[in-house]
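Biologist: Please take a close look at one part of this model, starting from a single loop residue and working outwards. I would like the backbone, the surroundings and the packing in one connected account.

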Amino acid sequence: MRLIVGLGNPGRRYRGTRHNLGREVVDLLSSAHRIPLSEEEGWSEIGRGSIGGHRLLLARPGTYMNVVGTAVADLRRRHRLRADQILVAVDDLDLAVGAVRIRESGGHGGHNGLRSIIDSLATTQFVRLRLGIGRPPEGVDPADYVLDRPTAEERTLLDVAVSRAAEGAALWAVGEIEAAMRLCNPRPAGESP
C-alpha cells in the first residue's frame, strides 16, 4: 500500500488557490484512475484503489495547512505505513510557475505544511512532489500570495504541471521512482534526453 496526500486548505474559499495545487493532483488521480474520494477517515477524505495492480490510498486532509501533519500521521498509523510509502503533493514558492520536482526526502523549505508533517512523523524520509508557484511580486506578502488565485497565464502553466505531477505520482505508486524523476525533474543543461 502507498499513500498519496494532496496538501491544501479545506473549503470553497481556498479552491483554485496556489496553496491547493497538491489537492488538485489528488483530485486528478482520483478521476483518472477511478478512485473516488468517498470515505472519511480521521481528518481526511480518502479513496482506496489501485494503479497497475498496486494498492493505493489517496487522501485530501480536512485540516488547515499548518496542522496537516496530524492528519498524515493518523493515516500512517491506521495503515501501518513506512514514511517512504508516503508521497506528499505540495505547492512551492521557490520553484518557477509550472515547474515540477520529485524528491525522496528533504527539509520543509519554509513550507508550513511540510514542517507540520515532518514534526508529526518525526522524519524527513517521505517523498515530496513539489509544484512551482513562483515568488510573489515585490511588496506582496507570501502568505497572501499563496492564498490567492493564479493569473490566467499562470493557470495554464499550472494545469500542465498538475497533469505532469499526477503522471509522476502514478509512476511512483507502481514503484517506478526513477521514471517519475525522469518525467518530473528537469535534466541538467547539455544532457541528452
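Modeller: In this predicted model, Arg80 is exposed, because its relative accessible area of 75% lies over the 50% cut-off. The residue sits in the loop that joins α2 to β5 (86-92). Its phi is near 50°, a positive value in a residue that is not glycine.

The helix at one end of that loop, α2, spans residues 68-79 and packs against α3, residues 112-121. The two axes come within 7 Å of each other, and their crossing angle is roughly 45°. That makes α2 oblique to α3, because the angle falls neither under 35 degrees nor in the range from 65 to 115. The hand of this crossing is right. From α2, the contact is made by Val68, Gly69, Thr70, Val72, Ala73 and Arg76. From α3, Gly113, Ser116, Ile117, Ser120 and Leu121 take part. Sorted by class, the contact has five nonpolar residues, five polar ones and one charged one.

The loop between α3 and β7 contains Ala122. Here too a residue other than glycine has a positive phi, near 60° for Ala122. Ala122 is exposed, because its relative accessible area of 69% is over 50%. Arg80 and Ala122 can thus be read side by side: Arg80 belongs to the loop from α2 to β5, and Ala122 to the loop from α3 to β7.

What of the loop at the other end of β7? The loop between β7 and α4 (142-146) holds Ile133. In contrast to Ala122, which is exposed, Ile133 counts as buried, because its relative accessibility is 1%, under the 20% cut-off. Leaving out residues up to four places away in sequence, Ile133 touches Arg18 and Leu21. Further contacts of Ile133 are with Asp91, Asp92, Leu93, Leu95, Ala96 and Val97. Tyr145 and Val146 are in contact with Ile133 as well. The C-alpha atoms of Ile133 and Gly98 are 6.6 Å apart, although 35 residues separate the two along the chain.

Gly98 provides a link to α5. Leu157, which is part of helix α5, has its C-alpha atom 4.9 Å from that of Gly98, across 59 residues of chain. Apart from neighbours within four places in sequence, Leu157 is in contact with Val97 and Gly98. Leu157 is partly exposed, because its relative accessible area of 45% falls between the 20% and 50% limits. Val97 therefore appears twice in this account, touching Ile133 and Leu157.

From α5 the path leads on to α6. The axes of α5 and α6 come within 7 Å and cross at roughly 165°. That makes the two helices roughly antiparallel, because the angle is over 145 degrees. The crossing of α5 and α6 is left-handed, whereas that of α2 and α3 is right-handed. On the α5 side, the residues that meet α6 are Arg164, Glu167, Gly168, Leu171 and Trp172. On the α6 side they are Ile177, Ala179, Ala180, Leu183 and Cys184. By class, this contact holds seven nonpolar residues, one polar residue and two charged residues. In α6, residues 177-184, the buried residues are Ile177, Ala179, Ala180, Met181 and Cys184. Their cover includes β6 (100-103), β7 (127-132) and α5 (152-173). Strand β7 thus helps to cover α6, and it stands between the loop of Ala122 and the loop of Ile133.

These parts sit in a chain of six helices and seven strands. Along the sequence, the pattern reads β-α-β-β-β-α-β-β-α-β-α-α-α. Of the 193 residues, 51% are buried. Among contacts with a separation of 6 or more, 67% join residues 24 or more positions apart; the pairing of Leu157 with Gly98, 59 residues apart, is one of this kind. The C-alpha atoms fill a box of roughly 45 × 40 × 30 Å along the principal axes. The radius of gyration is 16 Å, which agrees with a compact globule, because one of 193 residues would have a value near 16 Å.

Key: Residues are numbered from 1 along each chain as its sequence is written. This is a predicted model: local features need pLDDT of at least 70, side-chain atom pairs count only at pLDDT 80 or more; totals for chains, interfaces and linings use all residues. Side-chain values use heavy atoms; hydrogens and water are left out. Axes are lines fitted to C-alpha atoms, for helices over the stretch in contact, and angles run from 0 to 180 degrees between N-to-C directions. Helices (H or I, at least four residues) and strands (E, at least two) are DSSP runs, numbered from the N terminus. A crossing is left-handed if the near helix is turned anticlockwise from the far one by less than a right angle, and right-handed if clockwise. Contact means heavy atoms within 4.5 Å. Ala, Val, Leu, Ile, Met, Phe, Trp, Tyr, Cys and Pro count as nonpolar, Asp, Glu, Lys and Arg as charged, and the others, Gly among them, as polar. The radius of gyration is taken over C-alpha atoms; the globule rule is 2.2 Å times the number of residues to the power 0.38. Buried means under 20% relative accessible area, exposed over 50%, partly exposed in between (1.4 Å probe, protein chains only).
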